[in-house]
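Biologist: Please show me the model, and then I will ask about its cysteines and one helix pair.

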Amino acid sequence: MAAPTRKVTLSDIQETRSLDILRNYRSSINYAVKWEDMLSEPLYGRVCNTLPGTPVPSKLSLRRTAFVFGPETVCSALLILKPYELLKQLGYESDYIYLKTCKQKRNFSLLLFRQKKAIKSKMPIEPATWSGVTETVRRCYPLAIEAVLNNLEEMKQNSCEYFENQAELKFNEALKDTSGPLFMTYKKFVALDKPQTAWQTRFFLYCELRLLEVYSGDGYTKTEDGNLGLKEYICPNIDIEELGSKNYILLPLGDVQIPHEVAEKCSQ
């Protein structure tokens, strides 16, 4: 396939239903170029997992907010890495990948979309830094913003373990049952005595926004062994149909081949 003579558009990807046109373009020019040299406009994306035969997910996520990757990843890691390695770089843990692919037999897909002006005010995309998270909380959880601002510096300076010790609770236990008594919902959080403590606020962000143990606030994913991953963004959740059919495409991620030693360890 010959490289296009102009920058790649989402329409090009929709027409071919493949990232090959973008891979081919990248291979025809300097590999160190910026995404602005490859794309006509920024494209964002999110990994979805669905059961075989399931249609496009109705929303970006199951929460009020969603983490997405940006055009930097679309023009680099997305074109280079194999599916398993890409998921790892996006911050997915081996146990989770194994659970979804080998146990639940779910398929991973890539949802690529562009942010049109018509929805930009409804779905502003922020870098997933502490500043971006704060702005997203202001929009999506307005009754929690005062507590987040009051405890922001302490949350920036300390790890999840620090707050878990205060709470005498392992935060990840709450994720095992999001409707259970441990899970800190928005409703529970705003009902707490004021002012909410730093550990309560960090636990709320852990549960509702999924700022997990590896979140550091620098705007990048972290792999489960602590290495720097890919630039990430955060935005309010939205019905995918609201993007408009011309503004997104769902592509299969491909076969997620889990290394034998990883699968063996996860199966125990």
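Biologist: Which cysteine has the closest sulfur to that of Cys48, and how far away is that sulfur?

Modeller: This is a predicted model, in which local features need pLDDT of at least 70 and side-chain atom pairs count only at pLDDT 80 or more, while totals for chains, interfaces and linings use all residues. Residues are numbered from 1 along each chain as its sequence is written, and side-chain values use heavy atoms, with hydrogens and water left out. A disulfide is a pair of cysteine sulfur atoms within 2.5 Å, and Cys48 is too far from its closest partner for a bond. That partner is Cys235, at 12 Å.

Biologist: Is Cys207 buried or exposed?

Modeller: Buried means under 20% relative accessible area, exposed over 50%, and partly exposed in between (1.4 Å probe, protein chains only). The relative accessible area of Cys207 is 0%. Cys207 is therefore buried.

Biologist: How many disulfides does a search of the whole structure find?

Modeller: The sulfur of Cys207 has its closest cysteine sulfur in Cys160, 9.8 Å away, which is too far for a bond. For the whole structure, the search result is zero.

Biologist: How are α10 and α12 oriented to each other?

Modeller: Helices are DSSP runs (H or I, at least four residues), numbered from the N terminus, as are strands (E, at least two). The axes, lines fitted to C-alpha atoms over the stretch in contact, give angles from 0 to 180 degrees between N-to-C directions; those of α10 (residues 160–167) and α12 (residues 198–209) come within 9 Å and cross at roughly 120 degrees. Angles under 35 degrees count as roughly parallel, over 145 as roughly antiparallel, 65 to 115 as roughly perpendicular and the rest as oblique. The two helices, α10 and α12, are therefore oblique.
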